[in-house]
Amino acid sequence: MQDYVIDENGYYGEFGGAYIPEILHKCVKELEEAYLRIIDSPKFQRDFDQLLCDYVGRPSPLYHSPQLSERYGCKVYLKREDLNHTGAHKINNTIGQILIAREMGKTRIIAETGAGQHGVATATVCALMQMPCTVYMGKTDMERQRVNVKKMEMLGATVREVISGNMTLKDATNDAIRDWCSNPTDTHYIIGSVVGPHPYPDMVTRLQSVIGKEIKLQLLEKEGREYPDYLVACVGGGSNAAGTIHDFLDNDKVQILLAEAGGKGVESGETAATIHLGSVGVLHGCKTLLMQNEDGQVTEPYSISAGLDYPGIGPVHAHLARTERARVVAVDDEEALRAAFELTRREGIIPALESAHALAALEKAAFSTDDIVVVTLSGRGDKDLETYFKYEDQFKTKSLKTKNQFKTKDQ
Ligand SMILES: *Cc1c(COP(=O)(O)O)cnc(C)c1O
């Protein structure tokens, strides 16, 4: 049987590893030696479970969507990560990592952020644990995401403006790494997805795997069996997807459908469809698939959704795509917007634009009536309202056209 978990060298097949500057070897090694011992300890598990329950609001519901079920001719469940404190799955990871950092005796936290969601999730847990927090963010992103900058500052974090390169996520990451190099003993670097050098992809997967563990229990209760026929999730770096699928990877009855951001179309030049277009390279400390030109220059990704706008992909997903354990579809901006408006109108749930990509992926599969399909709704749409308002008129008419595909609830 194909192995989908990390090997002892930190690789998933040919992807992963730790490609880092010499000065960071000690920090990464220290983390590598500590994380499994801490995560498996009863103390960590007790603290983590308790905070996930009382602070985050877990378990998040598994909601059977009558409307989507009828639309797609199967049984659709939504895993409601949008109901977590701070409105997305990212808090699962930051809570876990700050507990690990504390156990390792670290007293200061740093993070990088693009759209600001990971920065806010990190600033939140730093307030909770009363630890100083510095978040690196590109100047361009700071201008685009004023509210998240203000939120982080209100939570007590210092937001450092990064003015090198394109002044976006890649540059913020470089500055965060530079900070870590200068403060290796007291500082823990909280990475926001299943990316970066080993052990981050595995550590973040384990922390997010609470999503899949809950799905198992909830399906057992609702359906009498602990696995679905399909798991569906969106992939930016890949943490909500990895957390959703981790505990099901060995069960070949479970099909995995992942949605990456097609942007304006895979061939348009304005896209973040890393798995469709990427080639092997090294990004942010790990070997993975990334979008690059012939000279190995990373190309600037584009998606309407800030959280999927990443030129790389977690090594686990590169491996799952390469071995065809997962099917990866590209969902473009328009398809995601349509899916977001549909869920809003049909179920009264405004999803994050990222999560809307997962919803739109349902269009690209053929289900049979007995199929149980679980879609991870990674976050809520509050942060995307400006974008939604901009396209509202366009999709109001579109959704009228598709209306007769639905039966309304009182029919
Ligand atoms: C950040 C974010 C994502 C993308 O990150 P992954 O690591 O791929 O999960 C997806 N959905 C939401 C709501 C996000 O905030």
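This report covers the two domains, the ligand site and some unusual backbone spots of one protein.

**Two domains**

The model is predicted. The domain assignment splits the protein into domain 1 (21-53 + 90-204) and domain 2 (57-87 + 209-405). Each domain is thus written as two stretches of sequence. Taken over C-alpha atoms, the centres of domain 1 and domain 2 are 24 Å apart. Domain 1 puts 21 residues into the contact, and domain 2 puts in 23 residues.

**The interface**

How much area do domain 1 and domain 2 bury between them? The value is about 1800 Å². Carbon and sulfur atoms hold 62% of that area. Polar contacts occur here too: 8 residue pairs make them across the interface of domain 1 and domain 2, counting residues at pLDDT 80 or more. Salt bridges do not: the count between domain 1 and domain 2 is 0.

Now take the side of domain 1 that touches domain 2. Five elements each supply at least two residues to this side: helix 2 (42-56), helix 4 (90-103), helix 5 (117-129), helix 8 (169-182) and helix 9 (200-208). Helix 8 gives the largest share, 3 residues. By type, this side of domain 1 has 10 nonpolar residues, 10 polar residues and 1 charged residue.

**The ligand**

There are 15 residues around the ligand. The nearest are K90, S193, G238, S239 and S378. For three of these, a polar side-chain atom has a listed distance to a ligand atom:

| Residue | Ligand atom | Distance |
|---|---|---|
| K90 | oxygen | 2.6 Å |
| S239 | oxygen | 2.7 Å |
| S378 | nitrogen | 2.7 Å |

K90 falls in domain 1, at the start of its 90-204 stretch. S239 and S378 fall in domain 2, within the 209-405 stretch.

**Unusual backbone spots**

Most residues other than glycine have a negative phi, and most peptide bonds are trans. Three places here depart from that pattern.

The first is the bond between R58 and P59, which is cis, with omega about 0°. P59 sits in the loop between helix 2 and strand 3 (62-64).

Next come H198 and P199. They are also joined by a cis peptide bond, and its omega is about 15°. Where is P199? It lies in the loop between strand 8 (187-190) and helix 9.

Last is H284. This residue is not a glycine, yet its phi is positive, about 45°. H284 belongs to the loop that links strand 11 (279-283) and strand 12 (286-290).

Conventions. Residues are numbered from 1 along each chain as its sequence is written. This is a predicted model: local features need pLDDT of at least 70, side-chain atom pairs count only at pLDDT 80 or more; totals for chains, interfaces and linings use all residues. Side-chain values use heavy atoms; hydrogens and water are left out. Domain bounds come from an automatic or database domain assignment. Contact means heavy atoms within 4.5 Å. Buried area is the accessible area (1.4 Å probe) that two parts lose on being put together, summed over both. A salt bridge is a side-chain nitrogen of Lys or Arg within 4 Å of a carboxyl oxygen of Asp or Glu. A polar contact is a pair of N or O atoms within 3.5 Å; within protein, one must be able to donate a hydrogen and the other to accept it, and residues adjacent in sequence count only if both atoms are side-chain atoms. Helices (H or I, at least four residues) and strands (E, at least two) are DSSP runs, numbered from the N terminus. Ala, Val, Leu, Ile, Met, Phe, Trp, Tyr, Cys and Pro count as nonpolar, Asp, Glu, Lys and Arg as charged, and the others, Gly among them, as polar. A residue is near a molecule or strand if one of its heavy atoms lies within 4 Å of it.
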